[in-house]
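I opened a new structure today. I wanted to know how its parts pack together.

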Amino acid sequence: MVSCAVCGCSHRTGNRNKPASQVKFEEQNKRPMKFFRFPLSNPEKWQKWVLAIRRNNFTPCKYSRVCEIHFEKKFLKKGVRRVGCISLSPDAIPTIFPAHPPDLEKLASKT
């Protein structure tokens, strides 16, 4: 099972114990939520992702993922490889964090 690496996000793959927000998303979009790997082969982009998700003492590995709700729609590309498949544009950085604790939001606004 894959889960989102963003602090406070409980989205995950599989059919059991999905949060209500994920179930609603999947019903509205008529497809499973997509999870994206950290760009491990691109150190500059990898660092931007790590800074964006604001998790202390976190080093992503090849199994770490971020779910699609943390990316603006402009970064999501449909059907590039296959019809119905979702991929990220090369400049995609996670920027949407609705579940971040308020103290992290305050900290981020100071930087």
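My entries on one helix, the core and a pocket follow.

I am working with a predicted model, where local features need pLDDT of at least 70, side-chain atom pairs count only at pLDDT 80 or more, and totals for chains, interfaces and linings use all residues. Residues are numbered from 1 along each chain as its sequence is written, and side-chain values use heavy atoms, with hydrogens and water left out.

Helix α1. I looked up residues 20–29 (helices are DSSP runs of H or I, at least four residues; strands are runs of E, at least two; both are numbered from the N terminus). Gln22, Phe25 and Glu26 are buried here (under 20% relative accessible area, with exposed over 50%, 1.4 Å probe, protein chains only). Seen down the axis of α1, these buried residues fall within an arc of 95°, so they line one face (the arc uses directions from the helix axis to the C-beta atoms). They pack against β1 (35–37), with contact meaning heavy atoms within 4.5 Å. On the other side of α1, I found Ala20, Lys24, Glu27 and Gln28 exposed. Lys30 follows α1 and has a positive phi, near 55°.

Core. Next I checked the largest nonpolar core, which has 23 residues (buried Ala, Val, Leu, Ile, Met, Phe, Trp, Tyr and Cys joined through side-chain atoms within 4.5 Å). Among the members that touch the most others are Cys4, Phe38 and Trp49. α2 (43–53) is one of the elements that supply at least two residues. α2 gives the most, with four residues. I noted that the contacts of Trp49 include Phe36, Val66 and Ile93, not counting residues up to four places away in sequence.
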